[in-house]
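Trainee: Please take me through one part of this model in close detail. I would like to start with the aromatic side chains, then see how that part sits among its surroundings.

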Amino acid sequence: MKTVSLGAPRSSTVKFRMPTRDNLVPIRVDIEVDGQRYRDAFTWNPRDPDSEVITFAKRTAKELKLPATFVPQILQSIQGQLAEFRSYEGQEMQVKEKIMPLKIDLRVNNTTIRDQFLWDIGNLESDPEEFARTLCDDLNITDPEVG
């Protein structure tokens, strides 16, 4: 587990970089069409081809029995967020230490996790996915959906 210093705030300039193959982009979709609503939050690999987004949008609408009018809306939402994320690649960013309290309160299948901790959102070396894997290992959680 990584140690965070709570001393004087640090500041440095780094170039934004695309995530590694294990890091994903958080995506939030909130669409309402003709009184029906689709809301979801998930992560997406920014290196996946656009054809994967199209397949995902079609499959999601079909599985949730949403009208076909949702497909272009879902597609546009995901592609827009990915394009915004990609637009930052190579730009210089000021990074400062910023400690935030985070709370986890979730239930997946038969597992419930409630926890709170401090996270330095300015530390680009912190890896939320590695944290999730470590937490699941520490709590002997084997269900991959929980992580």
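Mentor: Start with three residues: Phe42, Trp44 and Phe56 form one aromatic cluster. Keep in mind that this is a predicted model. The structure has 6 aromatic pairs under the ring-centre rule. One of them joins phenylalanine 42 and phenylalanine 56. A pair of aromatic rings is described by two things, the distance of the centres and the angle of the planes. For phenylalanine 42 and phenylalanine 56, the centres lie 5.1 Å apart and the planes meet at 50°. That angle makes the pair tilted, because stacked needs under 30 degrees and edge-to-face needs over 60. The centre distance qualifies as well, because the limit for a pair is 6.5 Å.

Now place the two rings on the chain. Phenylalanine 42 sits in strand 3, which covers residues 36-44. Phenylalanine 56 sits in helix 1, which covers residues 50-63. The two are 14 residues apart, and the pair links distant parts of the chain. Here a strand and a helix are joined through their side chains.

Next, how buried or exposed is each ring? Phenylalanine 42 has 16% relative accessibility, so it counts as buried. Phenylalanine 56 has 15%, so it is buried too. The cut-off behind both calls is 20%. Across the protein chain, 29% of the 147 residues are buried, and phenylalanine 42 belongs to that class.

Stay around strand 3 and turn to charge. Side chains of opposite charge can pair when their charged atoms come close. Arginine 37 and aspartate 30 meet in a salt bridge, N to O at 2.8 Å. Aspartate 30 also meets arginine 39, this time at 3.8 Å. The second distance still counts, because the limit is 4 Å. Together, Asp30, Arg37 and Arg39 are linked in a network of salt bridges. Aspartate 30 takes part in both contacts, with arginine 37 and with arginine 39.

What accessibility do these charged residues have? Arginine 37 is at 48%, so it counts as partly exposed. Aspartate 30 is at 43% and is also partly exposed. Arginine 39 is at 58%, so it counts as exposed. The line between partly exposed and exposed is drawn at 50%. Set these beside phenylalanine 42, which is buried at 16%.

Just ahead of strand 3 comes a loop. Aspartate 34 lies in it, between strand 2 (25-33) and strand 3. Its phi is positive, about 50°, although aspartate 34 is not a glycine. At 77% relative accessibility, aspartate 34 counts as exposed. A second residue with positive phi is asparagine 140, near 55°, again not a glycine. Asparagine 140 follows helix 3. Its relative accessibility is 67%, so asparagine 140 is exposed.

Helix 3 itself carries a salt bridge. Arginine 133 pairs with glutamate 130, with the closest N and O atoms 3.1 Å apart. The two residues are 3 apart in helix 3 (residues 128-138), so about one helical turn separates them. Arginine 133 is partly exposed at 39%, and glutamate 130 is partly exposed, also at 39%. In total, the structure holds 5 salt bridges.

One more buried residue deserves a look. Aspartate 120 lies in strand 6, residues 111-120. At 3% relative accessibility, aspartate 120 counts as buried. Its side chain reaches the backbone nitrogen of lysine 98 at 3.0 Å. That distance makes a polar contact, because the limit is 3.5 Å.

Finally, step back to the whole chain. The protein chain has 3 helices and 6 strands. Along the sequence they run β-β-β-α-α-β-β-β-α. Take the contacts between residues at least 6 apart in sequence: 57% of them join residues at least 24 apart. The exposed area is about 10,700 Å². Carbon and sulfur atoms supply 50% of that area. Against that background, return to the cluster: Phe42 and Phe56 share it with Trp44, and the tilted pair within it spans strand 3 and helix 1.

Conventions. Residues are numbered from 1 along each chain as its sequence is written. This is a predicted model: local features need pLDDT of at least 70, side-chain atom pairs count only at pLDDT 80 or more; totals for chains, interfaces and linings use all residues. Side-chain values use heavy atoms; hydrogens and water are left out. Helices (H or I, at least four residues) and strands (E, at least two) are DSSP runs, numbered from the N terminus. Buried means under 20% relative accessible area, exposed over 50%, partly exposed in between (1.4 Å probe, protein chains only). A polar contact is a pair of N or O atoms within 3.5 Å; within protein, one must be able to donate a hydrogen and the other to accept it, and residues adjacent in sequence count only if both atoms are side-chain atoms. A salt bridge is a side-chain nitrogen of Lys or Arg within 4 Å of a carboxyl oxygen of Asp or Glu. Contact means heavy atoms within 4.5 Å. Accessible areas come from the Shrake-Rupley method with a 1.4 Å probe; for residues, only the protein chains shown count as cover.
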